[in-house]
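Visitor: Hi, could you walk me through this one? I'd like to hear about the overall make-up and then a few details.

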Amino acid sequence: MEIQDWRTFLVPYNQAVAELLVKFRNIQYEYKNLGTYSPVEQVTGRVKTISSILQKMAKNNIAFEDLEERMSDIAGIRIICQFVEDIDIVVKLIRERKDMEITEETNYISHKKASGYRSYHIIINYPVYTALGTKNVRAEIQIRTLGMNFWSIIEHSLSYKYRGQLPPGVSERLTNAAEAAFNMDQEMSAIRSEILNAQGTFEHQAKVVSDAMNNIQSIYQQSEKIAMREAQETLLELVKENKMDEIRDFSHQLDAIAAHHKIQNLSNQD
């Protein structure tokens, strides 16, 4: 196949990845916009390079005419979660979607690979609307924790270096590292409520301070009669001393000042 033909072939896969990235990142945005914990921590995506496709075709004896049917990971999305429990939540969210069809699920978390690899894989059919009509693109969604993802990246790099034939010593240590990463996930799950509480407190504090600073900037920029530099210095001092109750009171005072002068908070502007 000519290189230009390859580029044309991959167009719907690139479109699928771009659309899926927006959709899954929007899940994260919606949770955080509602002020609730998001089971989606990060979302990445990629389309296999031509070189990677050719290598996999050769390895698995795949003819070009069978490529779309037999290779399910030309388009790939990776969803990273903080906790193992989040993976089940994300899987449920995907199962409930009407804009993609699940054709296969593989749980490498409860049934890890011999190497120690853990992840949850979902193969979907995703409709892409092109100028030439609708095309169903097969894509793979990998869902894993931060620890699982770190291990997988290292394992992939080593496998590439040694062409899949890891030296025994390296292979053994890599398997041990996989278990260590999973044990860490288990420990984090054991204190999940404490972690989420701490993160929630931090995010709430950050929002209160941000709202107060936005008010200061709004008033300062839109009303020359009101000098807000002292207010900013006061806010910074309160933040330095971590006096959250006083910061909240101060923020409410700024809201009242902004309302009195009919000034819109910058954070509420389009």
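Guide: Happy to; the chat below goes from the whole protein to a helix pair and two residues.

Guide: This is a predicted model, so to speak of ground rules: local features need pLDDT of at least 70, side-chain atom pairs count only at pLDDT 80 or more, and totals for chains, interfaces and linings use all residues. Residues are numbered from 1 along each chain as its sequence is written, and side-chain values use heavy atoms, with hydrogens and water left out.

Visitor: How many helices and strands are there in the protein?

Guide: The protein has nine helices and five strands. These are DSSP runs (helices are H or I, at least four residues; strands are E, at least two), numbered from the N terminus. From that end, the order is α-β-α-α-β-α-β-β-β-α-α-α-α-α.

Visitor: And what share of the residues counts as buried?

Guide: Of 270 residues, 37% are buried. Buried means under 20% relative accessible area, exposed over 50%, and partly exposed in between (1.4 Å probe, protein chains only).

Visitor: Now the helix pair. At what angle do H5 and H6 pack?

Guide: H5 (residues 146–161) packs against H6 at about 165°, and their axes are 9 Å apart. Axes are lines fitted to C-alpha atoms, for helices over the stretch in contact, and angles run from 0 to 180 degrees between N-to-C directions. The two helices are therefore roughly antiparallel, a label for angles over 145 degrees.

Visitor: Which residues of H5 and H6 meet?

Guide: On the H5 side, they include Gly147, Trp151 and Leu158, and on the H6 side Leu174, Ala178 and Phe182 are among them. Contact here means heavy atoms within 4.5 Å. By class, the H5 contact with H6 has 11 nonpolar, one polar and two charged residues. Ala, Val, Leu, Ile, Met, Phe, Trp, Tyr, Cys and Pro count as nonpolar, Asp, Glu, Lys and Arg as charged, and the others, Gly among them, as polar.

Visitor: Where is alanine 180?

Guide: Alanine 180 sits in H6, which covers residues 168–190. Its relative accessible area is 45%, so alanine 180 is partly exposed. From glycine 147, alanine 180 is 33 residues away in sequence and 9.2 Å away in space, C-alpha to C-alpha.

Visitor: Switching topic, what is phi of asparagine 61 near?

Guide: Phi of asparagine 61 is near 55°, a positive value in a residue other than glycine. Most residues other than glycine have a negative phi.

Visitor: Is asparagine 61 buried or exposed?

Guide: Asparagine 61 counts as exposed, because its relative accessibility is 65%. Asparagine 61 lies in the loop between helix H2 (50–59) and helix H3 (67–70).

Technical notes
Angles under 35 degrees count as roughly parallel, over 145 as roughly antiparallel, 65 to 115 as roughly perpendicular and the rest as oblique.
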